[in-house]
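Visitor: I would like to go through this model term by term and hear what each label rests on. Could we start once it is on display?

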Amino acid sequence: MTKLFALTAAALMVSSTASFAAGDAVAGEKGFNKCKSCHMIVDGDNTIVKGGKTGPNLYGIMGTAIASGDFKFGAGISSVAEANPDMVWTEELVAEYVVDPNAFITTYGGNGKSKMTFKLKKGGEDVAAYLASVAPAQ
């Protein structure tokens, strides 16, 4: 009985994670309009989305270390990177971050607040899927 319960719980966790991660890149492209006042998506000379420079360039963010690159990140997200040196951005983490950046920092052992004051209450998984879709070929 205990073994059956454990297997059922594991199956539910896998299925719920898979459904959470399944964002819609087309919807995310439209949803990114809320992000481009602060963020751009630029690959060298190729501008995918012209946006602001208040936040980091989000081209190729998936799979990169948290708070890495030449952008001057705030203390909050930098402390998450220090607490989790092997943590990289995934679609799930991006979707979680955009819902409440300050809660994300606390959840992952960081200190301080995020410089990102905007919260994306819906569609975070779609924006994450869009960012993954405009990433460099692996």
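Visitor: What share of the contacts in the protein chain between residues at least 6 apart in sequence join residues at least 24 apart?
Guide: In this predicted model, the share is 49%. A pair counts as a contact when heavy atoms lie within 4.5 Å.

Visitor: How many helices and strands does the protein chain have, and in which pattern?
Guide: There are 6 helices and 2 strands. Along the sequence the pattern is α-α-β-β-α-α-α-α.

Visitor: Why are α4 and α6 called oblique to each other?
Guide: The axes of α4 (residues 91–99) and α6 (residues 124–133) cross at roughly 135°. Angles over 145 degrees count as roughly antiparallel and 65 to 115 as roughly perpendicular. The crossing angle of roughly 135° falls in neither range, so α4 and α6 are oblique. Their axes come within 8 Å, and the crossing is right-handed.

Visitor: Which residues of α4 and α6 meet?
Guide: From α4 they are Glu91, Val94, Ala95 and Val98, and from α6 they are Gly124, Glu125, Ala128, Ala129, Leu131 and Ala132. This contact consists of 7 nonpolar residues, 1 polar and 2 charged. Glycine is counted as polar here.

Visitor: How do you know that Cys35 is in no disulfide?
Guide: A disulfide requires two cysteine sulfur atoms within 2.5 Å. For Cys35 the nearest cysteine sulfur belongs to Cys38 and is 8.7 Å away, so the pair does not meet that cut-off. The search of the whole structure finds 0 disulfides.

Visitor: What makes Cys35 buried, and Cys38 partly exposed?
Guide: Buried means under 20% relative accessible area, exposed means over 50%, and partly exposed lies in between. Cys35 has 13% relative accessibility and therefore counts as buried. Cys38, at 31%, therefore counts as partly exposed.

Visitor: What share of the 138 residues of the protein chain count as buried?
Guide: The share is 33%.

Visitor: What is notable about the phi of Ala67?
Guide: The phi of Ala67 is near 55°, a positive value in a residue other than glycine. Most residues other than glycine have a negative phi.

Visitor: Where does Ala67 lie, and why does Ala67 count as partly exposed?
Guide: Ala67 is in the loop between β2 (46–49) and α3 (75–83). Its relative accessibility is 22%. Buried would need a value under 20% and exposed one over 50%, so Ala67 counts as partly exposed.

Conventions
Residues are numbered from 1 along each chain as its sequence is written. This is a predicted model: local features need pLDDT of at least 70, side-chain atom pairs count only at pLDDT 80 or more; totals for chains, interfaces and linings use all residues. Side-chain values use heavy atoms; hydrogens and water are left out. Axes are lines fitted to C-alpha atoms, for helices over the stretch in contact, and angles run from 0 to 180 degrees between N-to-C directions. Helices (H or I, at least four residues) and strands (E, at least two) are DSSP runs, numbered from the N terminus. Angles under 35 degrees count as roughly parallel, over 145 as roughly antiparallel, 65 to 115 as roughly perpendicular and the rest as oblique. A crossing is left-handed if the near helix is turned anticlockwise from the far one by less than a right angle, and right-handed if clockwise. Buried means under 20% relative accessible area, exposed over 50%, partly exposed in between (1.4 Å probe, protein chains only).
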